[in-house]
Amino acid sequence: MKSLSMNIKSVCQLSILPLLLSIAGCGGGGGNNPTGITPVDCTIDGQNEFVYGVMQDLYLYADQLPVVNPSGYSSPRALLDDLIVSPDRFSFIADQQTREEFFDEGTYNGIGFSFKNIEDVDGDYYTVTFVYDDSSAGRNGLKRSDQIIAIEDVTVNQINTDGGLPKFLSNYSDDDSLTFTLRSSATETTDLEMNKGLVKINTVLKTEVITTNTLKVGYLAFTSFLEPSKIELQTAFKTLQQQNIDELVLDLRYNGGGRVDTAQILASYIAGDNAVGANAAKLLYNDKNSDLDDAFPFLSLSESVDLDRLYVLTLGGTCSASE
């Protein structure tokens, strides 16, 4: 789903990203304030009124919102929790600067890896699902499938009990060197020193062509639809096109969504010139704002491929609200 981002004054820099509209395609970040709703002030009550006004006007399920008193809530996030209508699992509030750095610049502050929590009778651990190259994790040798069993001698079990890894890491600054304990075998462990800092996201994790007796099969692992992704995708598809692939495996298992215009470009590379003119995606607002409906047609791109077959790998959270 495409979402809406708005500031609550420059000193607050808050973005509300509600499920506003229905779309055929990947979406999530990006957007603006099409109806001009602005906060009265930056107090908690002012922020709450702003969130309530946005939801009443622009939320996809605006006609199903409960009637509440915004001033009765301790924070905009607490208010949003009570406003979200099933089956919406995706609306949230984020810091405006953080949102812009992620979706528009392809950066964020962190260590630079994604993980999955594994519950084990011998002790929980995090298995690394991917690592960004230009990050502390990438530079220090953390690899996909590595198993993290402790950080700073605190077990993963304890970290999870105390609120999870993001909360644990929030206690440390960028200058702090953290010791990650990795399980190298049933009886041996190794330590890896990493720290938080600026992560530059490479959203194309891997581009590969596998040649069989009769086919050339391309593989593309892609993690987020960001603004810088457009250049990465151009490079990846130029490689796939030059190899004259017959089929493509598009791995979106760890892709949480992002910009609709970036999804439009990816779809155009895959669909090729035969689809030019048809709509790759549509933005459909609620009845109050149907005049804002928009469409994203397939584009003619010189790096597009001519495929016999496409395979898409997904998980439950693939592409956020457009899964």
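## The chain as a whole

How many helices and strands make up the secondary structure of the chain? There are nine helices and 16 strands, and the model you have in front of you is a predicted one.

Some totals help set the scene. The chain has 323 residues, and 47% of them count as buried. Its exposed surface comes to about 15,700 Å², with carbon and sulfur atoms supplying 47% of that area. Now look at contacts with a separation of 6 or more: residues 24 or more positions apart account for 67% of them.

## Helix α8: length

Let's turn to one helix, α8, which covers residues 229-242. Its 14 residues should span 20 Å at 1.5 Å a residue, and the end C-alpha atoms are indeed 20 Å apart, so the expected and computed spans agree.

## Helix α8: two sides

Which residues of α8 are buried? They are S229, K230, E232, L233, A236, F237 and L240. Viewed down the helix axis, these buried residues fall within an arc of 155°, which means that they line one face of α8. A general point fits here: an α-helix has 3.6 residues a turn, so residues three or four places apart point the same way.

On the other side of α8, I231 and Q242 are exposed.

## What surrounds α8

The cover over the buried residues of α8 includes three strands, β11 (204-211), β12 (216-222) and β13 (247-251), along with the helix α9 (260-271).

One backbone detail is worth a look too: N244, just after α8, takes a positive phi of about 55°.

Notes: Residues numbered from 1 in each chain as written. Predicted model: local features only at pLDDT ≥ 70, side-chain atom pairs only at ≥ 80, totals over all residues. Heavy atoms only, no water. Helix = DSSP H or I, 4+ residues; strand = E, 2+ residues; numbered from the N terminus. Expected span 1.5 Å × (residues − 1). Buried < 20%, exposed > 50% of the residue type's maximum accessible area, 1.4 Å probe, protein only. Arc of directions from axis to C-beta. Contact = heavy atoms within 4.5 Å. Areas by Shrake-Rupley, 256 points an atom, 1.4 Å probe, with all protein chains shown as cover.
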